Amino acid sequence: KLKERLKQKGESEHLDNSLAEMFKKVSRVYESVVGPMETDPDVLSMLGAIETKLEEVLTRLDEIETIDGELILGLERKKDKDRRERMRKFKFQEVEREREERLKNSLQRSQAPVHRKTGKQIMFRSAPVLEDKRVVVDNSEELRNRADYHTFGMFISGKDGAVHTEVPPDPTAPRGKDGEDDD
(Lines give C-alpha, C1' and ligand atoms only; values in the text may rest on other atoms or scores of the structure.)
Protein backbone atom coordinates (compact mmCIF):
# COMPACT_ATOMS: atom_id res chain seq x y z
CA LYS A 1 0.00 0.00 0.00
CA LEU A 2 2.82 2.38 0.81
CA LYS A 3 4.42 1.85 -2.59
CA GLU A 4 1.09 2.52 -4.31
CA ARG A 5 0.61 5.75 -2.35
CA LEU A 6 4.13 6.91 -3.19
CA LYS A 7 3.57 6.05 -6.85
CA GLN A 8 0.26 7.97 -6.92
CA LYS A 9 1.90 10.90 -5.15
CA GLY A 10 4.73 10.91 -7.72
CA GLU A 11 2.22 10.80 -10.57
CA SER A 12 0.19 13.66 -9.05
CA GLU A 13 3.35 15.76 -8.67
CA HIS A 14 4.20 15.07 -12.32
CA LEU A 15 0.65 16.01 -13.30
CA ASP A 16 0.85 19.23 -11.24
CA ASN A 17 4.15 20.13 -12.89
CA SER A 18 2.68 19.51 -16.35
CA LEU A 19 -0.37 21.65 -15.57
CA ALA A 20 1.80 24.49 -14.25
CA GLU A 21 3.98 24.35 -17.36
CA MET A 22 0.91 24.35 -19.62
CA PHE A 23 -0.52 27.37 -17.71
CA LYS A 24 2.75 29.29 -18.25
CA LYS A 25 2.74 28.55 -21.99
CA VAL A 26 -0.93 29.48 -22.44
CA SER A 27 -0.51 32.70 -20.45
CA ARG A 28 2.53 33.67 -22.55
CA VAL A 29 0.51 33.15 -25.76
CA TYR A 30 -2.45 35.00 -24.22
CA GLU A 31 -0.30 38.01 -23.39
CA SER A 32 1.22 38.13 -26.88
CA VAL A 33 -2.12 37.73 -28.70
CA VAL A 34 -4.74 39.38 -26.49
CA GLY A 35 -2.65 41.65 -24.28
CA PRO A 36 -1.73 41.85 -20.60
CA MET A 37 -3.92 39.97 -18.17
CA GLU A 38 -6.07 42.25 -16.04
CA THR A 39 -7.43 39.45 -13.89
CA ASP A 40 -6.21 35.93 -13.19
CA PRO A 41 -8.26 33.88 -15.69
CA ASP A 42 -8.15 30.11 -15.86
CA VAL A 43 -6.65 28.20 -18.80
CA LEU A 44 -9.97 27.56 -20.55
CA SER A 45 -11.03 31.20 -20.57
CA MET A 46 -7.57 32.24 -21.83
CA LEU A 47 -7.78 29.65 -24.65
CA GLY A 48 -11.28 30.91 -25.52
CA ALA A 49 -10.03 34.52 -25.71
CA ILE A 50 -7.09 33.43 -27.90
CA GLU A 51 -9.48 31.58 -30.20
CA THR A 52 -11.83 34.56 -30.59
CA LYS A 53 -8.90 36.89 -31.31
CA LEU A 54 -7.60 34.43 -33.90
CA GLU A 55 -11.02 34.26 -35.55
CA GLU A 56 -11.15 38.08 -35.73
CA VAL A 57 -7.72 38.24 -37.37
CA LEU A 58 -8.61 35.52 -39.87
CA THR A 59 -11.87 37.19 -40.86
CA ARG A 60 -10.07 40.52 -41.35
CA LEU A 61 -7.48 38.77 -43.52
CA ASP A 62 -10.24 37.21 -45.61
CA GLU A 63 -11.85 40.63 -46.05
CA ILE A 64 -8.56 42.22 -47.09
CA GLU A 65 -7.82 39.37 -49.48
CA THR A 66 -11.16 39.80 -51.19
CA ILE A 67 -10.55 43.53 -51.53
CA ASP A 68 -6.91 43.40 -52.72
CA GLY A 69 -5.63 39.86 -53.39
CA GLU A 70 -2.51 41.00 -55.26
CA LEU A 71 -1.33 43.03 -52.27
CA ILE A 72 -1.67 40.02 -49.95
CA LEU A 73 0.16 37.70 -52.37
CA GLY A 74 2.95 40.25 -52.76
CA LEU A 75 3.32 40.63 -49.00
CA GLU A 76 3.34 36.84 -48.54
CA ARG A 77 6.06 36.47 -51.18
CA LYS A 78 8.11 39.22 -49.55
CA LYS A 79 7.81 37.58 -46.12
CA ASP A 80 8.77 34.18 -47.57
CA LYS A 81 11.76 35.73 -49.33
CA ASP A 82 12.87 37.43 -46.08
CA ARG A 83 12.47 34.17 -44.18
CA ARG A 84 14.52 32.25 -46.74
CA GLU A 85 17.23 34.91 -46.63
CA ARG A 86 17.36 34.73 -42.82
CA MET A 87 17.64 30.94 -43.00
CA ARG A 88 20.41 31.20 -45.63
CA LYS A 89 22.37 33.63 -43.42
CA PHE A 90 21.83 31.44 -40.37
CA LYS A 91 23.08 28.32 -42.18
CA PHE A 92 26.08 30.23 -43.52
CA GLN A 93 26.95 31.44 -40.02
CA GLU A 94 26.55 27.91 -38.68
CA VAL A 95 28.90 26.50 -41.34
CA GLU A 96 31.42 29.26 -40.64
CA ARG A 97 31.27 28.59 -36.91
CA GLU A 98 31.82 24.84 -37.45
CA ARG A 99 34.72 25.56 -39.83
CA GLU A 100 36.33 27.90 -37.30
CA GLU A 101 35.89 25.27 -34.58
CA ARG A 102 37.57 22.60 -36.74
CA LEU A 103 40.37 25.01 -37.61
CA LYS A 104 40.92 25.85 -33.95
CA ASN A 105 41.00 22.16 -32.99
CA SER A 106 43.45 21.44 -35.82
CA LEU A 107 45.72 24.25 -34.65
CA GLN A 108 45.64 22.95 -31.07
CA ARG A 109 46.53 19.44 -32.26
CA SER A 110 49.41 20.74 -34.37
CA GLN A 111 50.83 22.80 -31.49
CA ALA A 112 50.45 20.03 -28.90
CA PRO A 113 53.58 18.03 -28.07
CA VAL A 114 54.01 14.80 -30.00
CA HIS A 115 53.07 11.77 -27.95
CA ARG A 116 55.57 9.02 -28.61
CA LYS A 117 55.03 5.50 -27.45
CA THR A 118 57.58 4.29 -24.95
CA GLY A 119 58.15 0.94 -23.38
CA LYS A 120 57.43 -2.52 -24.58
CA GLN A 121 54.99 -2.94 -27.41
CA ILE A 122 51.64 -4.40 -26.47
CA MET A 123 51.40 -8.05 -27.48
CA PHE A 124 48.03 -9.28 -28.60
CA ARG A 125 46.68 -12.66 -27.70
CA SER A 126 47.24 -15.37 -30.24
CA ALA A 127 44.30 -17.01 -31.94
CA PRO A 128 42.95 -20.08 -30.13
CA VAL A 129 44.18 -23.45 -31.33
CA LEU A 130 41.58 -25.11 -33.48
CA GLU A 131 41.11 -28.76 -32.68
CA ASP A 132 39.93 -31.27 -35.27
CA LYS A 133 36.37 -32.32 -34.82
CA ARG A 134 36.23 -35.98 -34.07
CA VAL A 135 33.45 -38.20 -35.22
CA VAL A 136 32.47 -40.95 -32.83
CA VAL A 137 31.50 -44.11 -34.71
CA ASP A 138 29.41 -46.76 -33.02
CA ASN A 139 31.17 -50.02 -33.89
CA SER A 140 29.67 -52.19 -31.15
CA GLU A 141 27.71 -54.27 -33.67
CA GLU A 142 30.84 -54.93 -35.73
CA LEU A 143 32.72 -55.97 -32.58
CA ARG A 144 29.86 -58.33 -31.65
CA ASN A 145 29.83 -59.77 -35.22
CA ARG A 146 33.62 -60.40 -35.04
CA ALA A 147 33.28 -62.10 -31.62
CA ASP A 148 30.41 -64.29 -32.95
CA TYR A 149 32.54 -65.29 -35.99
CA HIS A 150 35.49 -66.35 -33.82
CA THR A 151 33.19 -68.29 -31.49
CA PHE A 152 30.80 -69.95 -33.97
CA GLY A 153 32.55 -69.48 -37.34
CA MET A 154 29.64 -67.42 -38.58
CA PHE A 155 27.62 -64.35 -37.54
CA ILE A 156 24.17 -62.93 -38.13
CA SER A 157 24.24 -59.40 -39.50
CA GLY A 158 22.02 -56.91 -37.66
CA LYS A 159 21.59 -54.85 -40.82
CA ASP A 160 19.96 -57.42 -43.06
CA GLY A 161 19.47 -60.39 -40.67
CA ALA A 162 21.40 -62.76 -43.02
CA VAL A 163 23.87 -65.44 -41.88
CA HIS A 164 27.46 -64.72 -43.01
CA THR A 165 30.35 -67.18 -43.01
CA GLU A 166 33.11 -64.83 -44.24
CA VAL A 167 35.29 -62.84 -41.83
CA PRO A 168 33.56 -59.60 -40.77
CA PRO A 169 35.46 -56.34 -41.34
CA ASP A 170 37.83 -55.21 -38.58
CA PRO A 171 36.14 -52.30 -36.73
CA THR A 172 39.50 -50.95 -35.51
CA ALA A 173 40.98 -50.71 -39.03
CA PRO A 174 41.24 -47.18 -40.45
CA ARG A 175 38.35 -46.10 -42.65
CA GLY A 176 37.92 -43.53 -45.43
CA LYS A 177 36.40 -40.09 -45.02
CA ASP A 178 32.87 -41.39 -45.59
CA GLY A 179 33.20 -43.91 -42.77
CA GLU A 180 33.21 -46.75 -45.33
CA ASP A 181 35.93 -49.32 -45.87
CA ASP A 182 38.78 -48.43 -48.24
CA ASP A 183 38.22 -51.07 -50.92
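**View 1. E101 and K104 meet in a salt bridge.** The closest N and O atoms of E101 and K104 are 3.9 Å apart. A salt bridge here is a side-chain nitrogen of Lys or Arg within 4 Å of a carboxyl oxygen of Asp or Glu. Both residues sit in helix 3, and because they are 3 residues apart, about one helical turn separates them. Helices (H or I, at least four residues) and strands (E, at least two) are DSSP runs, numbered from the N terminus. E101 is partly exposed, with a relative accessible area of 36%. K104 is partly exposed too, at 43%. Buried means under 20% relative accessible area, exposed over 50%, and partly exposed in between (1.4 Å probe, protein chains only). The areas themselves come from the Shrake-Rupley method with a 1.4 Å probe; for residues, only the protein chains shown count as cover.

The model is predicted: local features need pLDDT of at least 70, side-chain atom pairs count only at pLDDT 80 or more, and totals for chains, interfaces and linings use all residues. Residues are numbered from 1 along each chain as its sequence is written, and side-chain values use heavy atoms, with hydrogens and water left out.

**View 2. The protein chain as a whole has 4 helices and 2 strands.** Along the sequence, the pattern runs α-α-α-α-β-β. The chain has 183 residues, and 9% of them count as buried. Its accessible surface comes to about 17700 Å². Carbon and sulfur atoms hold 55% of that surface. Take the contacts between residues at least 6 apart in sequence: 11% of them join residues at least 24 apart. Contact means heavy atoms within 4.5 Å.

**View 3. R97 pairs with E94 in helix 3.** Side chains of opposite charge can pair when their charged atoms come close. In this salt bridge, the closest N and O atoms of R97 and E94 are 2.6 Å apart. The two residues are 3 places apart, about one turn of the helix. R97 counts as partly exposed, at 47% relative accessibility. E94 is partly exposed at 27%. Salt bridges also link E96, R99 and E100 in a network. The count of salt bridges comes to 7.

**View 4. K25 and E21 form a salt bridge in helix 1.** The N to O distance is 3.4 Å. Helix 1 covers residues 2–33, and the partners lie 4 residues apart in it, about one turn. K25 has a relative accessible area of 44%, so it counts as partly exposed. E21, at 47%, is partly exposed as well.

**View 5. Six acidic residues make a negative surface patch: D62, E63, E65, E76, D80 and D82.** Helix 2 and helix 3 are the elements that give two or more residues to the negative patch. E65 belongs to helix 2. With a relative accessible area of 44%, E65 is partly exposed. Patches are made of residues with over 30% relative accessible area and no salt bridge; like charges are joined within 9 Å, and nonpolar side chains (Val, Leu, Ile, Met, Phe, Trp, Tyr) within 5 Å. Lys and Arg count as positive and Asp and Glu as negative, while His and the chain ends are not counted. Each charge is placed at NZ of Lys, CZ of Arg, CG of Asp or CD of Glu.

**View 6. A patch of positive charge gathers K78, K79, K81, R83, R84 and R86 on the surface.** K79 has its place in helix 3, which spans residues 69–111. K79 is exposed, with a relative accessible area of 60%.

**View 7. L54, V57, L58 and L61 make a nonpolar surface patch.** The area of the patch is about 330 Å². L61 lies in helix 2, residues 43–67. L61 is partly exposed, at 43% relative accessible area.

**View 8. P171 is a buried residue.** Its relative accessibility is 8%, so P171 counts as buried. P171 lies in the segment after strand 2 (163–164). Leaving aside residues up to four places away in sequence, P171 touches N139, E142, L143 and R146. P171 and N139 are 32 residues apart along the chain, yet their C-alpha atoms are separated by 6.2 Å.
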